[in-house]
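The following paragraphs go through a single chain, starting from one face of one element and ending with the overall form.

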Amino acid sequence: MKAVDIYVKVEADLDESENPQKFAAELCRALERIYGVRRAETMSVHEHEGGVR
């Protein structure tokens, strides 16, 4: 079996009350649980204006 690194960019609209780091951690846990990935990690979180498109 071979290992691969897959880089994914995710843009999400969060409420002001939601913590971006907590959201990112939950996303990583979901990837590990649902898809059985060996490891998922957050490299960075960038907040910007934009909102719903």
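In this predicted model, the exposed residues Lys 22 and Arg 33 sit on the face of helix α1 that is turned away from its buried side. That buried side is made up of Pro 20, Ala 24, Cys 28 and Ala 30, the buried residues of α1. They lie on the same side of α1, because the arc they cover around the axis is only 160°. The general geometry is familiar: an α-helix has 3.6 residues a turn, so residues three or four places apart point the same way.

Helix α1 takes in residues 20–35. At 1.5 Å a residue, its 16 residues should span 22 Å, and the end C-alpha atoms are 22 Å apart, so the expected and the computed span agree.

What helices and strands does the chain contain? There is one helix, and the number of strands is zero. The chain is more spread out than a compact globule, because its radius of gyration is 13 Å, well over the 10 Å that the globule rule gives for 53 residues. The C-alpha trace spans about 40 × 20 × 15 Å along its principal axes.

Burial can also be stated for the chain as a whole: 9% of its 53 residues count as buried, the cut-off being under 20% relative accessible area. The accessible surface comes to about 5500 Å², and carbon and sulfur atoms account for 51% of that area.

Charge is the last item. The chain carries 8 positive and 11 negative side chains. The centres of these two sets are 11 Å apart.

Technical notes: Residues numbered from 1 in each chain as written. Predicted model: local features only at pLDDT ≥ 70, side-chain atom pairs only at ≥ 80, totals over all residues. Heavy atoms only, no water. Helix = DSSP H or I, 4+ residues; strand = E, 2+ residues; numbered from the N terminus. Rg over C-alpha atoms; globule rule 2.2 N^0.38 Å. Buried < 20%, exposed > 50% of the residue type's maximum accessible area, 1.4 Å probe, protein only. Areas by Shrake-Rupley, 256 points an atom, 1.4 Å probe, with all protein chains shown as cover. Lys, Arg positive; Asp, Glu negative; His and termini not counted. Charge placed at Lys NZ, Arg CZ, Asp CG, Glu CD. Expected span 1.5 Å × (residues − 1). Arc of directions from axis to C-beta.
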